[in-house]
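Good morning, colleagues. Please take a moment with the sequence and the structure before I begin my remarks.

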Amino acid sequence: RGKLFHTALEESLLSTKIPKTDDEEIAGYLHSVQDILADVKGTRALESVVSHLPLQYMGLLDCVAEYRGKLCVIDWKTSEKPKPYFRNTFDNPLQVAAYAGALNHDDNYNFQVERGLIVVAYKDG
């Protein structure tokens with residue numbers, strides 16, 4: 001489900017339209033994040049490898065784009081359980097911070113990020 005959701009998100013971010021899907025579960029996930037997607041512009045990276053050579057780690061970030069005018073690392077998550085509080089995202093904030101740190105030290109990118117966004121999508125919309 002996560003891979004299909006990410007594929008649909010990428011299509012949406014590249015075309016600025018919510019893609020149509022016959023998969024009700026994916027449609028629910030997309031519907032649950034449509035208000036966030038409306039504020040995401042200027043996509044700079046999708047499913048992109050970042051590496052932090054001094055600290056010797058790397059990762060595959062979901063997205064770098066502007067959210068409400070601020071460049072962010074955006075991590076898209078699917079969940080069947082509600083996550084109404086920051087603490088419910090467990091280690092996701094650490095993951096986003098690590099992606100931002102790696103991107104900011106990776107010579108393959110000519111921009112820097114100072115913000116992160118964790119977006120949780122729900123299949124029931």
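**Confidence, sheet and first helix**

What we have here is a predicted model. Its chain has an average pLDDT of 94, and 99% of the residues reach at least 70. Broken down by element, the highest mean belongs to strand β2, at 98, and the lowest to helix α1, residues 2–15, at 89.

Let me turn to the sheet. It is an open sheet of 4 strands, ordered β1-β2-β3-β4, and its pairing is mixed. Which strands stand at the edges? They are β1, residues 40–52, and β4, residues 115–122; each has a single partner strand, so one side of each is left without a neighbour in the sheet. On average, and ignoring direction, neighbouring strands of this sheet are turned by 35° against each other.

As a general reminder, strands of a sheet pair through backbone hydrogen bonds, in either a parallel or an antiparallel manner. In the case of β1 and β2, the latter covering residues 57–67, the two run antiparallel and are joined by 9 bridges. I would point out two positions along this pair. Ser51 has Met58 of β2 as its bridge partner, and Ser48 stands opposite Leu61, also in β2. The hairpin formed by β1 and β2 has 4 residues between the strands, and in this hairpin Gln56 adopts a positive phi near 55°.

I now come to helix α1. Its 14 residues reach 20 Å from the first C-alpha to the last, which is close to the 20 Å expected at 1.5 Å a residue. Which residues of α1 are buried? They are Phe5, His6, Ala8, Leu9, Ser12 and Leu13. These buried residues cover an arc of only 165° around the axis, and therefore lie on the same side of α1. On the face turned away from that buried side, we find the exposed residues Lys3 and Leu14.

What do the buried residues of α1 pack against? Their partners include all the strands I have named so far, β1, β2 and β4, together with β3, residues 70–79. They also pack against two helices, α2, residues 24–32, and α3, residues 34–38. Finally, the residue that follows α1 is Thr16, and its phi is positive, near 65°.

Thank you for your attention.

Notes:
Residues numbered from 1 in each chain as written. Predicted model: local features only at pLDDT ≥ 70, side-chain atom pairs only at ≥ 80, totals over all residues. Heavy atoms only, no water. Pairing = 2+ DSSP bridges. Axes fitted to C-alpha atoms, helices over the stretch in contact; angles between N-to-C directions. pLDDT = per-residue confidence, 0-100. Expected span 1.5 Å × (residues − 1). Buried < 20%, exposed > 50% of the residue type's maximum accessible area, 1.4 Å probe, protein only. Arc of directions from axis to C-beta. Contact = heavy atoms within 4.5 Å.
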